[in-house]
Amino acid sequence: MGRRPVFLAILAAALVFVTGAPATAAPARFDLDSADIPALQARMASGRLTAVGLTSSYLERIHRIDGKVDAVLALNPAALSQAAASDARRRAHRLRGPLDGIPVLVKDNVDTRDQWTTAGSRALRSLPAKDATLITRLRDAGAVLLGKANLSEWANFRAAKPTSGWSGVGGQTHNPYVLDRNPCGSSAGSAAGVAASLAQVAIGSETDGSIVCPAGMTATVGHKPSLGLVSRTGVVPISAEQDTAGPIARNVVDVALTLSVLQGRDPSDPATSRYPDSQPTDYAKLLKPGVLRGARIGLWRLPVLGPDTDKVMTSARNSLVKAGATVVEVTPPYQDRLLELEFPALLTEFHRDIDKYLATRPRGPRNLAELIAYNRADPLEQTCFAGQELFEEALAAPPPTDPGYLAGRAELSDLARRSLDETLAKYHLDAIASPTNPPAWKTDCAVGDNDVIPSSTPAAVAGYPDVTVPAGIAGALPVGISFMGARWSDARVLALAADFSRAAPARVPPRYLPTLPS
């Protein structure tokens, strides 16, 4: 896409403008891959690192590495200025919290007033009217908005056979472990960027699997929060019944710290009025060692994901038992019916919600019909997944007042909640664990994804929390393990996932292999 010279120019100009240093000045050297936010804050507090130095390190790495991965769609020219402002706050003893000065990539379906928000579509190459609520919260926390991450165009809700990680604006994002393999899910650039140490944290979004699957495929930690913890205002939608944004990072503590910033009530998103007043506000403080001891975990194996994945789950089971947990093998009910009901509901909801969103944009298509017309007229939008069958089906779907739709959505949501609630109650479980993903498939525009991965669906449809952490490697390809719990149990599943990561550390940095032996 010809973005590398632009990256270098932004880095050079920003370094000179903010620091007065020449563009070739080397940023501070340390292991970005293993550093977590508390360690970075400790280095900055001791004077061994500045926010400008940290941000410069990430910008330099993006210039050097992202040509292999194509995770970063656009850099924020103001990133180093934001970092300098953080350093000034530190000198004045006015830090805003643990994310102050920390570089964050944002999926390009989240509105940012100073950068295009495209959802990967050439039809939306323009500025939104204002920041998304979650961006306001990140700015207020002092985070450095490093840039926008590539994504599956329209969050994979356009073509019948989409290719995850491809967009008309950003091209194809690659899995940093094996470059011809797919990163999965619509938050592909967010997860691949974090895995390649191109940012400390990234923001993704999920309707069903689009945070957890790319995190699992790239050996990162992804948290799909309970629906209502994080405002969706200013996030390009698929379905208000299922959509939520959430954090992706290389370790659980960074995810927990970021969720604490993202969480908050928003009058423009009624779902945020529903979480209990007792909900934690500092999730990182609750990541205590030893929480697996005495816990009861239901293991949903999903052998359909293949023997390599099941082998990783057997190892994960042994690690859970060794850490003191009781593991019960389970199969949550109603799964076939969930898969049958979900897609028709999303068609109606997408038409309703995308029309509402487009009406907020100062420029570009005003509704779904205009989007369809745009794609028909733009040859570049047809270079990978050429079709827009889902757009066309959504345009023809029943309206949200249709009795058939209302009955289907009511049954779908009820069965998803019951699927998890009944399983948790029947076996007296703290959480249900399942494989997040199989080993990544080869990226192939002609074939599309091979991503029927049912483990994310119950939590996604129910609006319950789902957090994935690395579980192991199948060959050279990561496999994640997801921990799902009851609604609002985000703190509990994060703590269980963190303890699993202590008991069975599985993440290794990517090697950017071109391919695997046949």
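Select Ser226 first: this residue sits in the loop between E7 and strand E8 (244–249). The model is a predicted one, and every value below is computed from it. Is Ser226 buried or exposed? Its relative accessible area is 0%, so Ser226 is buried.

To see what surrounds Ser226, hide its neighbours within four places in sequence and display its remaining contacts. They are Gly463, Tyr464, Pro465, Arg487, Trp488, Ser489 and Asp490.

Next, step back to Lys224, which belongs to strand E7 (residues 221–224). Lys224 counts as buried because its relative accessibility is 1%, and the cut-off for buried is under 20%. Show its contacts in the way used for Ser226, again without the neighbours within four places in sequence. The list for Lys224 is Glu206, Ile211, Val212, Thr244, Ala459, Ala460, Gly463, Tyr464, Pro465 and Asp466. Gly463, Tyr464 and Pro465 are among the contacts of Lys224, and they are also among those of Ser226.

Two distances can be drawn from Lys224. Which backbone atom lies 3.1 Å from a polar atom of the Lys224 side chain? It is the backbone oxygen of Ala459. The second distance runs from the C-alpha of Lys224 to the C-alpha of Gly463: 9.0 Å in space, for a pair 239 residues apart in sequence.

Now move to helix H2 and select residues 37–46. Within H2, colour Ile37, Leu40, Gln41 and Met44, which are buried. These residues lie on the same side of H2, because they cover an arc of only 100 degrees around the axis. To see what covers them, add helix H3 (51–69), helix H4 (79–91), strand E6 (201–206) and helix H8 (252–262), which are included in that cover.

Look at both ends of H2 before leaving. At its start, a side-chain oxygen of Asp36 comes to within 2.9 Å of the backbone nitrogen of Ala39. Just after H2, select Gly47, where phi is positive at about 85 degrees.

The last stop is empty space. Rolling a probe the size of a water molecule over the atoms shows where such space is left. How many cavities of 30 Å³ or more does the structure hold? There is one, and the largest cavity contains about 50 Å³ of space. Select its lining: Asn109, Ala119, Leu151, Trp154, Ala155, Val236, Pro237, Ile238 and Phe350. Coloured by residue class, the lining of the largest cavity shows eight nonpolar residues, one polar and no charged.

How values were computed:
Residues numbered from 1 in each chain as written. Predicted model: local features only at pLDDT ≥ 70, side-chain atom pairs only at ≥ 80, totals over all residues. Heavy atoms only, no water. 1 Å grid on protein atoms, 1.4 Å probe; cavity = no way out; pocket = protein on both sides within 12 Å on 5 of 7 lines; lining within 4 Å. Points joined across faces, edges and corners; volume = space filled by probe spheres on them. Nonpolar A, V, L, I, M, F, W, Y, C, P; charged D, E, K, R; others polar. Buried < 20%, exposed > 50% of the residue type's maximum accessible area, 1.4 Å probe, protein only. Helix = DSSP H or I, 4+ residues; strand = E, 2+ residues; numbered from the N terminus. Arc of directions from axis to C-beta. Contact = heavy atoms within 4.5 Å. Polar contact = N/O pair within 3.5 Å; in protein donor to acceptor, adjacent residues only side chain to side chain.
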